[in-house]
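The following exercises are intended for a reader who is new to this structure. Each task is followed by a solution that proceeds step by step.

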Amino acid sequence: MSQSPVTEKSSGALITDWRPEDPQFWQQKGHRIASRNLWISVPSLLLAFCVWMLFSAVAVNLNKVGFTFTTDQLFMLTALPSVSGALLRVPYSFMVPVFGGRRWTAFSTGILIVPCVWLGFAVQDTSTSFNTFICISLLCGFAGANFASSMANISFFFPKAKQGGALGINGGLGNMGVSVMQLVAPLVISLSMFAVFGGKGVAQGDGTMLFLENAAWIWVPFLAVFTLAAWFGMNDLSASKASLREQLPVLKRGHLWILGLLYLATFGSFIGFSAGFAMLSKTQFPEVNILHFAFFGPLFGALARSAGGAISDRWGGTRVSLYNFILMAIFSALLFTTLPTNGQGGSFIAFFGVFLMLFLTAGLGSGSTFQMISVIFRKLTMDRVKAAGGSEEVALREAATDTAAALGFISAIGAIGGFFIPKAFGTSLALTGSPAGAMKLFLVFYIVCVVITWAVYGRKSSR
């Protein structure tokens, strides 16, 4: 039987013959093409996370350059990108089958230049209103939506046996953008890098200069480079093409909502802690310059996510997720012992150490729950199509489409945690002067996830 050729061009041509489950095809052609697309996707997604979490570093410094926002307002600015990011993940999750992975990755990366440029000018003008910062914050949320389309796109390129590892690398190294941003931003804001573009800097009490605009402008050239890399180096797959009508039925599946809840507890915690940790630390331990340490948490979580996908491919996502939720509940309980009471006591070292473990488990669980989504939706769709008399080829195609749609939509649910966690911290501090009230809610939620994971997926009778 003749096979249609794989069309490859340096401009990122459409591939019409894609059979990743065929071992011979995968070894001869598929692995090389999939790897190239993955390694362009990773830095593009990493930059998206840098932009998404910009306000977690910028908000801490706004009042240092002449603004007079309240603590609750600053927490709001760190939380809002997750609102727009979560909402936009829903349409973004369906865009790859409609427009193609190459086109959509290039477009969604390129448009992030807009909020970066705008924010750089806004922080230099103290007459910039809070509402303007809200608009910029919401635009940064477009970056958070990139995760849904990126993960959906990569899921089409890899066979079932390798999806956990591939999605773990894409998501985990992409998540490292939070850590990269929180490491780079404190360094570049002390340097005069963009004077030619109007970067002025603000004198501080200790005689140093603060160039807060650099935190936003530093990403612009990199975004431009990887927009071009995506356009010329990635591929569109004809096998991934599907209309919205073909993808929407996935929303009727009960497992989508259950797995969405579990992903909210893992990735939602990772992105929520990433957004709110610096501001929270500043309120509890004001004597510590947290920007020197904040990047460690997201770094641990991102590396753990990559490991979580690979471990789950070997041991099973359900088992890894179950044990991981137990650990998250334990570390949440330990956090109470590290907090100061009425401004007295507390231990920053213990607080920081426990939070690192929360970042680690949140990242590990993000990888394991995503592997569960991939495996469960693939099996459900394959069984349904075959029961209706469909062929193996049709079953594989529908399984890939359903899995990609589910991955994207569930990622939207998870992103909501980026709003609720910092907002919960801000509200708890405003009402009680302590974040303990918010942490109690998180502890109960993790315990509920332990029960759900065991009852729905962990028992022998549920398998």
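**Exercise 1: A salt bridge between two helices**

The side chains of Asp72 and Lys423 form a salt bridge, with an N to O distance of 3.9 Å. The model is a predicted one. Task: determine in which helices Asp72 and Lys423 lie and how many residues apart they are.

Solution. Step 1: Asp72 belongs to helix 3 (residues 71-92), while Lys423 belongs to helix 17 (residues 417-432). Step 2: the two residues are 351 residues apart, and the pair thus links distant parts of the chain. Step 3: Asp72 is partly exposed, because its relative accessibility is 34%. Step 4: Lys423 has a relative accessibility of 19%, and buried means under 20%; Lys423 therefore counts as buried.

**Exercise 2: Other salt bridges**

Task: state how many salt bridges the structure holds, and describe the one that Lys379 forms.

Solution. Step 1: the structure holds seven salt bridges. Step 2: Lys379 pairs with Asp383, and their closest N and O atoms are 2.7 Å apart. Step 3: about one helical turn separates Lys379 and Asp383, because they are four residues apart in helix 15 (residues 348-387). Step 4: Lys379 is exposed, at a relative accessible area of 54%, whereas Asp383 is partly exposed at 40%. Step 5: a network of salt bridges with shared partners joins Asp17, Arg19 and Asp22. Step 6: within this network, the side chains of Arg19 and Asp22 meet at 2.7 Å, N to O. Arg19 is partly exposed, with a relative accessible area of 23%, and Asp22 is partly exposed, with 26%.

**Exercise 3: The cysteines**

Task: establish how many disulfides the whole structure contains.

Solution. Step 1: a search of the whole structure finds zero disulfides. Step 2: for Cys116, the nearest cysteine sulfur is that of Cys140, 6.3 Å away. Step 3: a disulfide requires sulfur atoms within 2.5 Å, and Cys116 is in no disulfide. Cys140 is likewise in no disulfide. Step 4: Cys116 counts as buried, at 0% relative accessibility, and Cys140 counts as buried, also at 0%.

**Exercise 4: The nonpolar core and a covered helix**

Task: identify the residues with the most contacts inside the largest nonpolar core, and state how many residues of helix 2 are buried.

Solution. Step 1: the largest nonpolar core has 138 residues, and those with the most contacts inside it are Leu62, Phe133, Phe355 and Phe425. Step 2: leaving out residues up to four places away in sequence, Phe133 touches several residues, among them Phe55, Leu62, Phe67 and Phe69. Step 3: helix 2 (residues 54-62) is mostly covered, with nine of its nine residues buried. Phe55 and Leu62 are among these buried residues.

**Exercise 5: Asn146 and a surface patch**

Task: decide whether Asn146 is buried or exposed, and name the residues that make the nonpolar surface patch of about 450 Å².

Solution. Step 1: Asn146 lies in helix 7 (residues 130-157). Step 2: its relative accessibility is 5%, so Asn146 counts as buried. Step 3: apart from neighbours within four places in sequence, Asn146 contacts Leu45, Ala48, Tyr92, Ser108, Thr109 and Leu112. Step 4: the patch is made by Tyr323, Ile326, Leu327, Ile330 and Leu334. Step 5: Ile330 is located in helix 14 (residues 317-335); with a relative accessibility of 43%, Ile330 counts as partly exposed.

Conventions: Residues are numbered from 1 along each chain as its sequence is written. This is a predicted model: local features need pLDDT of at least 70, side-chain atom pairs count only at pLDDT 80 or more; totals for chains, interfaces and linings use all residues. Side-chain values use heavy atoms; hydrogens and water are left out. Buried means under 20% relative accessible area, exposed over 50%, partly exposed in between (1.4 Å probe, protein chains only). Contact means heavy atoms within 4.5 Å. Patches are made of residues with over 30% relative accessible area and no salt bridge: like charges are joined within 9 Å, nonpolar side chains (Val, Leu, Ile, Met, Phe, Trp, Tyr) within 5 Å. Accessible areas come from the Shrake-Rupley method with a 1.4 Å probe; for residues, only the protein chains shown count as cover. A salt bridge is a side-chain nitrogen of Lys or Arg within 4 Å of a carboxyl oxygen of Asp or Glu. A nonpolar core is a set of buried Ala, Val, Leu, Ile, Met, Phe, Trp, Tyr and Cys residues joined through side-chain atoms within 4.5 Å.
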